[in-house]
Amino acid sequence: LYLSGGVYLGGTGAANKLQDYETGTFTPSLDSGTSIAYTSQSGKYTKIGRVVHCTAEIVVSNSSTSDGSGIQIGGLPFTGNNDEEVVNASLGRFTNFLGGKSTSVRNWRFTGNVLMPLESNNDNIAYNEVASSGTIQVAFSYMTD
């Protein structure tokens with residue numbers, strides 16, 4: 001495939017030219033927690049212009065942390081706009097991640113560098129509430145600056 005002059009989507013006008021497109025991988029992590037060991041960490045992204053679309057999976061093999069701070073998923077491929085309203089996230093799979101805690105992820109907060117899962121009352125879910133092992137998968141999109 002040879003493209004001379006760029007790729008155009010939906011027409012040949014200047015507004016339809018795709019000027020920034022990139023795909024790749026990244027390593028998501030649970031930032032700020034202590035005593036967390038992973039079975040696997042994987043992430044993929046597609047960046048189109050300023051919009052970054054990501055999927056991430058974190059499999060925790062051992063979590064014995066007593067850290068009461070909120071869970072933060074970091075290691076994102078690009079720094080985002082720090083407006084927490086610019087992220088759109090969907091939980092894919094949440095297997096044993098919170099153990100016996102009687103809550104679920106209802107919302108997300110975004111700081112530009114980390115994605116934070118929230119309870120239904122929009123409180124942070126703390127690291128000390130993570131089960132000793134489990135999986136979290138999430139798909140999310142955000143805007144870069």
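**Glutamine 137, the core and a hairpin**

Trainee: Why does glutamine 137 count as partly exposed?

Mentor: Glutamine 137 counts as partly exposed because its relative accessibility is 25%, and that class lies between buried (under 20% relative accessible area) and exposed (over 50%), with a 1.4 Å probe and protein chains only. Keep in mind that this is a predicted model, in which local features need pLDDT (the predictor's confidence in each residue, from 0 to 100) of at least 70, side-chain atom pairs count only at 80 or more, and totals for chains, interfaces and linings use all residues. Residues are numbered from 1 along each chain as its sequence is written, and side-chain values use heavy atoms, without hydrogens and water.

Trainee: Where is glutamine 137, and what does its side chain make a polar contact with?

Mentor: Glutamine 137 lies in strand β11 (strands are DSSP E runs of at least two residues, numbered from the N terminus). Its side chain makes a polar contact with the side chain of glutamate 57 at 2.6 Å, that is, a pair of N or O atoms within 3.5 Å, one able to donate a hydrogen and the other to accept it. Threonine 55 is 82 residues from glutamine 137 in sequence, yet their C-alpha atoms are 7.4 Å apart.

Trainee: Changing topic, how many helices and strands does the protein chain have?

Mentor: The protein chain has 11 strands and zero helices, and buried residues account for 37% of its 145 residues.

Trainee: Which residues touch the most other members of the largest nonpolar core?

Mentor: That core (buried Ala, Val, Leu, Ile, Met, Phe, Trp, Tyr and Cys joined through side-chain atoms within 4.5 Å) has 26 residues, and those touching the most other members are Leu30, Ile73, Trp108, Leu115, Val138, Phe140 and Tyr142. Two or more residues each come from β5 (36–48), β6 (51–63), β9 (107–110) and β11 (134–143), with β6 giving the largest share, five residues.

Trainee: And what is tryptophan 108 in contact with?

Mentor: Beyond its neighbours within four places in sequence, tryptophan 108 has contacts (heavy atoms within 4.5 Å) with residues including Ile73, Leu91, Leu115, Ile136 and Val138. In β9, Trp108 and Phe110 form the covered face, whereas Asn107 and Arg109 form the uncovered one.

Trainee: How many bridges join β9 to β10?

Mentor: Four bridges join β9 to β10 (residues 115–118), and the two run antiparallel; pairing requires at least two DSSP bridges. Phenylalanine 110 has leucine 115 as its bridge partner in β10, and the hairpin leaves four residues between the strands, with glycine 112 in the turn at a positive phi of about 100°.

Trainee: How confident is the predictor across the protein chain?

Mentor: The average pLDDT is 80, and 79% of the residues score at least 70.
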